[in-house]
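Reader: I am new to this structure and would love a close look at one part of it. Could you pick a helix and walk me through its surroundings?

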Amino acid sequence: MILNTRHAGVVVRNIDKSLRFYQDILGLKIRSREKEEGSFIDKVTGIKKVCVETCKMTGPDDSMIELLQYHSHPANKPLVLASSNNLGCSHVAFTVSDLDKVYSLLKENNLNCVNPPATSPNGLVKVLYCHDFDGVIIELVEELEI
């Protein structure tokens, strides 16, 4: 059965713009970046004549997130900030070292924050939900020392 979690995939409108969020603000490192097209990726995605650019990014613990920009079949939906109770994948969560600092960076970059950093009732973590440039919910958690 399952050996581990490989990565979470996030479809974005523009990888370069998204890197401002995932790399510059959150500090993830680019592991690989490539364009994929051909019969294999057509079969995997179920989309004929697809061209998708991927950017795999890792955190300090080697956890991985994959950004995907579909050049051949872009999603032409209006930008909507995801709601936390949407069916399916709700959000991606990252542990950060200084949530107040990250919150300031998010605000400086005009990113939507659902809430300012909030301490959990048990006092173990500080948490905020925000949206990336494509409206995807990202949970940021700082583990507090007691």
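**Helix H1 and the sheet it lies across**

Author: Happily! Let us start with helix H1, residues 15–25, which lies across E1, E2, strand E3 (51–58) and E4 and runs at about 15° to E3. Please keep in mind that this is a predicted model.

Begin where the helix begins. At the start of H1, asparagine 14 has a side-chain oxygen that comes to within 3.0 Å of the backbone nitrogen of aspartate 16. Now follow the helix along. Which residues in H1 are buried? They are Ile15, Ser18, Leu19, Phe21, Tyr22 and Ile25. It helps to recall that an α-helix has 3.6 residues a turn, so residues three or four places apart point the same way. Keep that rule in mind as you trace the buried positions Ile15, Ser18, Leu19, Phe21, Tyr22 and Ile25 in the view. At the other end, just after H1, glycine 27 adopts a positive phi of about 90°.

Next, look at what the helix lies across. E1, E2, E3 and E4 are the strands in question, and the open sheet of 4 strands is ordered E1-E4-E3-E2, with mixed pairing. Strand E1 (8–11) and strand E2 (29–37) form its edges, each pairing on one side only. From one strand to the next, the twist averages 20°.

One pairing is worth a closer look. Strand E4, residues 64–70, pairs with E1 in the parallel sense over 4 bridges. Within that pairing, glycine 9 has glutamate 66 in E4 as its bridge partner. As background, strands of a sheet pair through backbone hydrogen bonds, either parallel or antiparallel.

For comparison, look further along the chain at strand E5, residues 92–95. Val92 and Phe94 make up the covered face of E5, while Ala93 and Thr95 make up the uncovered one. E5 runs parallel to strand E8 (residues 137–143), and 4 bridges join them. Here valine 92 has isoleucine 138 in E8 as its bridge partner.

Finally, step back to the chain that holds these pieces. It has 3 helices and 8 strands, which follow the pattern β-α-β-α-β-β-β-α-β-β-β along the sequence. The C-alpha trace spans about 55 × 40 × 30 Å along its principal axes. Of the chain's 146 residues, 37% count as buried. Among contacts with a separation of 6 or more, 52% come from residues 24 or more positions apart.

Definitions and conventions. Residues are numbered from 1 along each chain as its sequence is written. This is a predicted model: local features need pLDDT of at least 70, side-chain atom pairs count only at pLDDT 80 or more; totals for chains, interfaces and linings use all residues. Side-chain values use heavy atoms; hydrogens and water are left out. Two strands pair if DSSP finds at least two bridges between them. Helices (H or I, at least four residues) and strands (E, at least two) are DSSP runs, numbered from the N terminus. Axes are lines fitted to C-alpha atoms, for helices over the stretch in contact, and angles run from 0 to 180 degrees between N-to-C directions. Contact means heavy atoms within 4.5 Å. Buried means under 20% relative accessible area, exposed over 50%, partly exposed in between (1.4 Å probe, protein chains only). A polar contact is a pair of N or O atoms within 3.5 Å; within protein, one must be able to donate a hydrogen and the other to accept it, and residues adjacent in sequence count only if both atoms are side-chain atoms.
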